[in-house]
Each structure stands twice: as C-alpha cells, then as structure tokens.
Amino acid sequence: MIKNKKLLILPGDGIGKEVIEPVLDIIDWMAKYKSISFDISERLVGGEAYDAEGDSISDKTLDEAINSDAVLFGAVGGPKWDNVEREKRPEAALLKLRKELDLFANLRPAIVFDALVNASSLKKELILGLDILILRELTSGVYFGKPRGIESINENEKKAVDTQSYTTSEVQRIARVAFDLAKKRSNKVTSVEKANVMETGMFWRKIVSEIHESEYNDVNLTHMYADNCAMQLIREPKQFDLIVTDNLFGDILSDCAAMLTGSLGMLPSASISNIDSTGKRLGMYEPVHGSAPDIAGQNKANPLAMIMSFAMMLKYSFDMDDESKLIEKSVQKVLANGLRTLDISQKGMQIVSTDEMGKAIIEQLNVLMGN
Ligand code: IPM
Ligand code: MG
C-alpha cells in the first residue's frame, strides 16, 4: 500500500449520507486494485450533530478537520432545523469549516457531459461541450464581513446589517489562483464584480488588474459586471472559460452555471487553502447540491456529484491525476451506457437507484482497469 492519507468523512444530513456510500465503495476498490489506502474517520456534522452534540460542528470535529489531509463533505440542513439559532444552524458548520481551514478558493466546474446534453433546459448547441470553471472566493465578503446583525433604531424601527468587505491580500490570493488555473485551461479569465456601484467591486477590479499586469500579463483577462454575467451565462455560456468572483456572486453564479448542465446532482466542488510553510494544503470536497430532504432516505439521489468531488480530492489534495481521471471516465461511460438517476432521467433510459449507480461505477472501473 502507498501512503496513508488522513481523510475525514462528514456525511451530514439528508442525502449526504446516501451519496457518500458509493464513494466508500470506490475507496475499498482503490485499496484492492490500486494499493492506495486512506486512514478514514467519520464524524457528525450539520443538523444531526446539533441533535447529538449540541452544535452543528463540535470543536473536536473541527480539530480533526484541521488535522486531516482532506475532508469529504456530504450535505447539511433540513426543515427540522429551520428554527435553530443562526450560530448553530447546520449551514453554520459549513461556514466554520471554510473559515477555520482557510479554504478561500472554491472551484466549481460546470461540465456538460455529451450524454446529458438533452437534460439541460437550454438548446443543445449552446451547451454541447461546455466546460467552465467558477472560482468563488469562499472565506470573506458579505458572508463574514463585520459589522453584522439587527439593531434597534427606535421603538418601531430596526435595522439589519451585513457587510461586504475585502482586503488587498484576500483579492490578490484568489486572483493568483484564478490565473494559475487559467494557465492549465484556456488561458482566459473573466473577473466578475459590480464595480459600477460597489466600493468592493471597484477595489476588486483594481487589484485583479494589478496582479494581472505584474505577474500574469500573458493570460487573457476581461472584467464583467455580475448582473451581465448572469445574463451572459444563459445567453452564450461558451464565451466563458474561468470566472473568478467574490463569495456572494460566486454562490449565485455557480447555481446558474450548474443548471446549464441539466442537474445540480452532477456538480462537484473543491475548496482549498494555500500551501502552508510545512507544504500542506487543506482541502474540502463536496457536491454543490444540498441535503435534498424531499428525497432523503429513498435511495434516489444522484451520487455522481459526490463521486466527482472525490475525484477532485484525488487530483487537488493527493496529486493522483490518473486515478482522478479514471473515475471521471467511469462516470462518462456509465452515462453513455444510458444509466440515469431520477434527476437526470430521460425517455428510454434506465432509471437506477443511488446504490445501483454506485455499483455501475465500480463495474466500469473494473472494465477500464481490465479486471
Ligand atoms: C453553497 C451553499 C451555501 C452557501 C449554504 C448552504 C450556506 O449555497 O455552498 O453554495 O451559501 O455558500
Ligand atoms: Mg449556493
């Protein structure tokens, strides 16, 4: 067996638990046929952690996450916890993990698989072959800016405040990730903000331009306002290759880009930190879809976003590019063979459960390996 990498698994709530199962099977498969093993621990997160441990993420779990080599995260939340105070809500666990692990770079690829081109609500010619990457800043902006809260102005009037803020170094580091990633893709970056109305937007544009000029002037850079970007993503998505944007715009635009591919059930993500002085880079990998309480526990969920998040983990945390590609290829093959979970079902195709989709991926891995 090669190296023992510490992997923390946080399945979370709803379909999170179900979509992690096939990944565990792939991990077993890798141990058996690839001699790659992980040192795995599993803990509660989200609503279930709140019920059992009094908070959506315990200090111990947070500590384990910081000390692991990578975190695999399912999904959190559900109507059961709608009335829990904000600091203890399931979503707060996610924000804490992002902040404490300093996972400032969130990669959300939106790729249209040939076999799924008809699952999109857009015309086929607009999205065939689409492969874009949304790079979202994940640890600053309005999600974390201070002050925030609700204050009283007088007896009858209150005021709610959120603060959008960015520092020079926060914009610089995400800009550098964008340009570095672009060099491995089409050498093209679209930086998105609202420089026409927001101070942070003007600031973002200026810093991105400076980094571009001083360090990456061989990369093609354009700037775009966020509202225009939302419209352009629907009008002509293939004009984009890599979009870099702030936390809130990234949240919105990545959902938008996700739907170009037909289903949120197909979208993986990686959230990574910079490499620290010991050479370690922290990473958390999660599907973009949520906990989907409406279908939870029914063995109906699409595990492909989770499986492809695992593939991203192999690539970005462990430099296992070959294994990562092997998994992506299996996904492509299984889809080409006509297997579909409910969310991507099409006429004439075989609808399979979460388990069955997982098994089909393993079978395909065996085929590709000649086992
Ligand atoms: C996402 C989600 C989260 C976010 C929620 C669940 C807090 O929408 O990862 O896109 O807003 O960042
Ligand atoms: Mg979102």
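**Close-up 1. What covers helix H11 in this predicted model**. Helix H1 (15-34), strand S2 (36-42), helix H10 (304-316), strand S13 (339-340) and helix H12 (354-369) are among the elements covering the buried residues of H11. Which residues of H11 are buried? They are Glu323, Ser324, Leu326, Ile327, Ser330, Val331, Val334 and Leu335.

**Close-up 2. Helix H11 from end to end**. H11 takes in residues 321-336, so 16 residues in all. At 1.5 Å a residue, you'd expect a span of 22 Å, and the C-alpha atoms at its ends are indeed 22 Å apart, so the two agree. Following H11 you'll meet Gly338, which has a positive phi, near 95 degrees.

**Close-up 3. The buried side of helix H8**. Look along H8 (residues 226-235) and you'll find four names to remember: Ala226, Cys229, Gln232 and Leu233 are its buried residues. They sit on the same side of H8, because the arc they cover around the axis is only 110 degrees. And what do the buried residues of H8 pack against? Their partners are strands S5 (131-137), S8 (188-193), S9 (220-225) and S10 (242-245), along with helix H9 (247-260).

**Close-up 4. Strands S6 and S7, joined by a hairpin**. Here S6 (residues 145-154) and S7 (residues 157-163) run antiparallel, with six bridges joining them. To pick out one pairing, start at Ile150 and cross to Ala160, its bridge partner in S7. The hairpin gets from S6 to S7 through two residues.

Methods:
Residues are numbered from 1 along each chain as its sequence is written. Chains are lettered from A and ligands numbered from 1 in the order in which they are written. This is a predicted model: local features need pLDDT of at least 70, side-chain atom pairs count only at pLDDT 80 or more; totals for chains, interfaces and linings use all residues. Side-chain values use heavy atoms; hydrogens and water are left out. The expected span of a helix is 1.5 Å times one less than its number of residues. Buried means under 20% relative accessible area, exposed over 50%, partly exposed in between (1.4 Å probe, protein chains only). Contact means heavy atoms within 4.5 Å. The arc is that of the directions from the helix axis to the C-beta atoms. Two strands pair if DSSP finds at least two bridges between them.
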